[in-house]
Amino acid sequence: MNDQTQKELGATLWKIADQLRGAMNADDFRDYMLSFLFLRYLSDNYELAAKKELGADYPMPAPDSRAVPLALWYSANPGDIADFEKQMRRKVHYVIKPEHLWNSIANMARTQDGELLNTLQTGFKYIEEESFESTFSGLFSEINLGSEKLGRNYADRNAVLCAIIAKIAEGLAGFSQDIDALGDAYEYLIGQFAAGSGKKAGEFYTPQQISDILSAIVTLDSQEPKTGQKGHLASVMDLACGSGSLLLNVRKRMGPNGIGKIYGQEKNITTYNLARMNMLLHGVKDTEFEIYHGDTLANDWDILRELNPAKKPQFDAIVANPPFSYRWDPTDAMGDDVRFKNYGLAPKSAADFAFLLHGFHFLKEEGVMAIILPHGVLFRGGAEERIRTKLLKDGHIDTVIGLPANLFYSTGIPVCILVLKKCKKPDDVLFINAAGPEHFDKGKRQNQLSVKHIKKIVDTYKYRTEEDRYSKRIDMERIAKEGYNLNISRYISTATADEEIDLDEVNEKLVGLEAKIAEATKKHNSFLAELRLPLLPIGEPEAASE
């Protein structure tokens, strides 16, 4: 399925979502819509694998039959089911019972089957607890099939679910069963729901254009970016992963086998579930990723709490789009936390540097970290100034990229990208001012970075090039003189240069104008002479009449 068809599929599903959600707000309906799309993906993938596994034994129902082939096989081969499911767990890493497959559910919806709701509840529970070798407990915890938002009683709720699922199935039927396209459609829908969620969108979605910049930067060689992309990343981590789109962008750039394992952490339970679904929808096996539900700043993830430095987990690439200027409440004990003790604690009013230091602590010596933060981290004083100064003196801040305002759904403020390394080669900081009006496309709701704008940012970082009013390499001596303030305008002039004036050309134009004035005065004087009025002097302006 090509990119255009994938976009059409996403747009079709979004149109269906807009028609169906009715009184339900976008955030509530999102959970239902995306969960059903996820079930469709798992089912299609599973049925394709089952067909391959069973070969000639895979039943072929009559053309007008709505029977699910796998259900027919289960009925005819009860003694072989256990071995078949064992084989499917080995090959596709999960099992779905025939009655829980999307086509079974969709058939129940079309016929208004009264047991649809019960079957869905049982199916979701089975997927959470038994389908996968690794547990996906709570994967559908935000899908309340007993919610009064669906109806006052069981019959009403069942009828609403039948209508929703039948409509979604109808919309999907117009497209080929390309399971890869469903992942892209899922991503498209997440973006559309984010656009309609206002400030809440900041909890789970990084716009694709910004994600492209971060993923390009962290996949380049850390010491010599100009040599190009790394061949392999053992691990990549997003410390506030939202729906996982940023991690998936890194994977897409590296290729399906280019990353050893993907790690992410997310505090919001709904968004955490979206991320897990998103990984599976994009073909990432359950053994290839680990998403943890927990508080990043509290560092409550056991694998990150290893006290033995030799066993401390470290990542080749770290990307992050944490909540901007998040208020937190650090305890006195946190001052001795290994993540912060060498730099100090970020202020309660803004945890920006706390997120940064958390990620930086787990970065490999040869790794690259790229994090999106508000511009305040570049110049604010107090504790933030002390942290920023030490990071600069230790040679860890590699690049500062200023982006335009109004790129995010969640905020209109301009943001920056900080690129950090534990071992960086150049003894300077590269500043890129990509916030000028010529460096983005202005939109009605959000501004956009086009492919050429993104390429210019990445190429400037990659080759460390300098361009008047766009990019400049600043040595540490100059930064020290500026009090370790990283405000981009201190180093790159954003003023528009005065236009050069060609004096000879201007003089020629003035001489021509004088000649035209003289000619016009002569003609005017001829009329004045006929009227026996005083003539005007040639070369002087006409006197105002009294």
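**Close-up views of the predicted model**

The protein chain contains 16 helices and nine strands. The model is predicted, and every legend below refers to it.

**Figure 1. Overall view of the protein chain.** Of the 546 residues in the chain, 52% are buried. Among contacts with a separation of 6 or more, 73% join residues that lie 24 or more positions apart. The accessible surface of the chain amounts to about 26200 Å². Carbon and sulfur atoms contribute 49% of that surface.

**Figure 2. Helix H3 (residues 69–76), shown with its buried and exposed residues.** Pro69, Leu70, Trp73 and Tyr74 are the buried residues of this helix. Viewed down the axis of H3, these residues fall within an arc of 140 degrees, so they line one face of the helix. The face of H3 turned away from this buried side carries Ser75 and Ala76, which are exposed.

**Figure 3. Gln112 in the loop between helices H5 and H6.** Helix H5 spans residues 102–110 and helix H6 spans residues 116–131, with Gln112 in the loop between them. Although Gln112 is not a glycine, its phi is positive, at about 55 degrees. The relative accessible area of Gln112 is 48%, which means that this residue is classed as partly exposed, since the exposed class requires over 50%.

**Figure 4. Arg464 in the loop between helix H14 and strand S9.** The loop that holds Arg464 connects helix H14 (451–463) with strand S9 (471–475). Arg464 also has a positive phi of about 55 degrees and is not a glycine. With a relative accessibility of 13%, Arg464 counts as buried, because the cut-off for this class is under 20%.

**Figure 5. Leu297 and its contacts with residues further along the chain.** Leu297 is placed in the loop between strand S3 (289–293) and strand S4 (315–320). Its relative accessibility is 5%, and Leu297 therefore counts as buried. When neighbours within four places in sequence are left aside, Leu297 is in contact with Tyr326, Trp328, Met334, Arg339, Ala351, Ala354 and Phe355. One of these residues, Met334, is 37 residues from Leu297 along the chain. The C-alpha atoms of Leu297 and Met334 are separated by 9.8 Å.

Technical notes:
Residues are numbered from 1 along each chain as its sequence is written. This is a predicted model: local features need pLDDT of at least 70, side-chain atom pairs count only at pLDDT 80 or more; totals for chains, interfaces and linings use all residues. Side-chain values use heavy atoms; hydrogens and water are left out. Helices (H or I, at least four residues) and strands (E, at least two) are DSSP runs, numbered from the N terminus. Buried means under 20% relative accessible area, exposed over 50%, partly exposed in between (1.4 Å probe, protein chains only). Contact means heavy atoms within 4.5 Å. Accessible areas come from the Shrake-Rupley method with a 1.4 Å probe; for residues, only the protein chains shown count as cover. The arc is that of the directions from the helix axis to the C-beta atoms.
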